[in-house]
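Visitor: I would like to go through this model and ask what stands behind the terms used for it. Please set each value against its cut-off.

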Amino acid sequence: MSTRTPIAFLKGHGTENDFVIVPDPDNVIDLSPAAVAALCDRRAGIGGDGLLHVVRSAAHPEAKDMAAEAEWFMDYRNGDGSIAEMCGNGVRVFARYLQHAGHTTEGDLAIATRGGVKTVHIAKDGDVTVGMGKARLPEGDVKVSVGERSWPARNVNMGNPHAVAFVDDLAHAGDLYSPPPFSPASAYPDGVNVEFVVDRGPRHVALRVHERGSGETRSCGTGACAVAVATARRDGTDPAVTGAPVTYTVDVPGGTLVITERPDGEIEMTGPAVIVAEGELDAAWLETIVR
């Protein structure tokens, strides 16, 4: 950091998946992995599951090619400072920030991400809908286990891998501190997000999730999409077969998401996005981290 001018930040969350937001339209703030990790630290920093670096697409080398389609680029970082392609809950909070800052209004907008340009709709009631793309369903049987229990699981890929297991009781998922064992090992060579799912009512399910590298989390947007896709196949409501869209309400520990899959395979995720605070970072403190 070359200046000690205070740096603006905000804090927001989507179904309790929380983020530090750093507005930087001209891409002049040097957010090193160490700085991001320090900002996301829940004791020594602001605290968050990740960081949303808000940059104009034209000002970022990774997003220049998307500038004609989307004015703003979500330069998303994981809480440990590493770079990630996409975050479904993060996109909703990013859109809410743009509305909060007066950069957009209710209605449709496009947001550039490392996973491509995402279509977003901000509704009058405040919920935000994000186009999440299509799911892939790799062939082959998968099994997940917790203690002495095991279940068949559906392999669903939302750009990241998921194993969706239907259980009788969410308590059967255990503490989810460590990754639930799965087989065969060849199904997920880089690890997997595991969702345990129970029925709550017609087209209404609830989940708990172990996210690879993080343990149990309060919400997983891609996981909720994977669960809706797996449930539709179980229920015989695959839109590609029926020709009609299907919508599932998915309860996550941090709230509720609504997932719609269309006959062309496109999936939309709708849920809340909240800005809870804004303030200024001490640039001198951040400089000590960067060093």
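Visitor: Which residues lie nearest the centre of the largest pocket, and how many residues line the pocket?

Guide: This is a predicted model. In it, 34 residues line the largest pocket, and Asn78, Ala84, Met86, Asn160 and Glu211 are those nearest its centre. Two or more lining residues come from each of β4 (72-78), α2 (88-100), β7 (128-134) and α3. The most come from β7, which gives three. The volume of the largest pocket is about 980 Å³.

Visitor: What kinds of residue make up the lining of the largest pocket?

Guide: The lining divides into 18 polar, eight nonpolar and eight charged residues. Glycine is counted as polar in this scheme.

Visitor: Why is threonine 222 called buried?

Guide: Threonine 222 has a relative accessible area of 14%. The cut-off for buried is under 20%, so threonine 222 counts as buried. Its place is in helix α3, residues 221-235.

Visitor: What makes the pair threonine 222 and asparagine 160 a polar contact?

Guide: Their side chains are joined at 3.2 Å, and the limit for the N or O atoms of such a pair is 3.5 Å. Asparagine 160 is also one of the residues nearest the centre of the largest pocket. Beyond four places in sequence, threonine 222 touches Met132, Met158, Asn160 and His162.

Visitor: Which residues are closest to the centre of the second largest pocket?

Guide: The space in the second largest pocket is about 160 Å³. Of its 13 lining residues, Thr119, Val130, Gly131, Met132 and Glu266 are closest to the centre. At least two lining residues come from each of β6 (116-122), β7 and β17 (266-271). By kind, the lining has five nonpolar, five polar and three charged residues. Met132 is also among the residues that threonine 222 touches.

Visitor: Which members of the largest nonpolar core touch the most other members?

Guide: They are Leu52, Phe94, Leu98, Ile111, Val120, Val250 and Ile259, in a core of 48 residues. Helix α3 supplies the largest share of this core, eight residues. Apart from it lies another core, of 16 residues, including Trp151, Ala165, Ala173 and Val192.

Visitor: What does valine 250 touch, not counting residues up to four places away in sequence?

Guide: Valine 250 touches Val205, Leu207, Ala224, Gly255, Thr256, Leu257 and Ile259.

Visitor: How do you know that asparagine 155 is buried?

Guide: The relative accessibility of asparagine 155 is 7%. Buried means under 20%, so asparagine 155 meets the definition. Asparagine 155 is found in strand β9, residues 149-157. Its side chain makes a polar contact of 3.2 Å with the side chain of tyrosine 188. With neighbours within four places left aside, asparagine 155 is in contact with Arg136, Leu137, Pro138, Val142, His162, Ala187 and Tyr188.

Visitor: Why is proline 184 called partly exposed?

Guide: Proline 184 has 38% relative accessibility. Buried ends at 20% and exposed begins over 50%, so proline 184 falls in between and counts as partly exposed. Proline 184 is found in the loop between β11 (182-183) and β12 (193-201). Outside its neighbours within four places in sequence, proline 184 is in contact with Asp141 and Val142. Val142 is also a contact of asparagine 155.

Notes
Residues are numbered from 1 along each chain as its sequence is written. This is a predicted model: local features need pLDDT of at least 70, side-chain atom pairs count only at pLDDT 80 or more; totals for chains, interfaces and linings use all residues. Side-chain values use heavy atoms; hydrogens and water are left out. Helices (H or I, at least four residues) and strands (E, at least two) are DSSP runs, numbered from the N terminus. Buried means under 20% relative accessible area, exposed over 50%, partly exposed in between (1.4 Å probe, protein chains only). A polar contact is a pair of N or O atoms within 3.5 Å; within protein, one must be able to donate a hydrogen and the other to accept it, and residues adjacent in sequence count only if both atoms are side-chain atoms. Contact means heavy atoms within 4.5 Å. On a 1 Å grid over the protein atoms alone, a cavity is a set of points where a 1.4 Å probe fits but cannot get out, and a pocket is an open set with protein on both sides within 12 Å along at least five of seven lines; lining residues have an atom within 4 Å of a point. Grid points are joined across faces, edges and corners, and a volume is the space filled by probe spheres set on the points. A nonpolar core is a set of buried Ala, Val, Leu, Ile, Met, Phe, Trp, Tyr and Cys residues joined through side-chain atoms within 4.5 Å.
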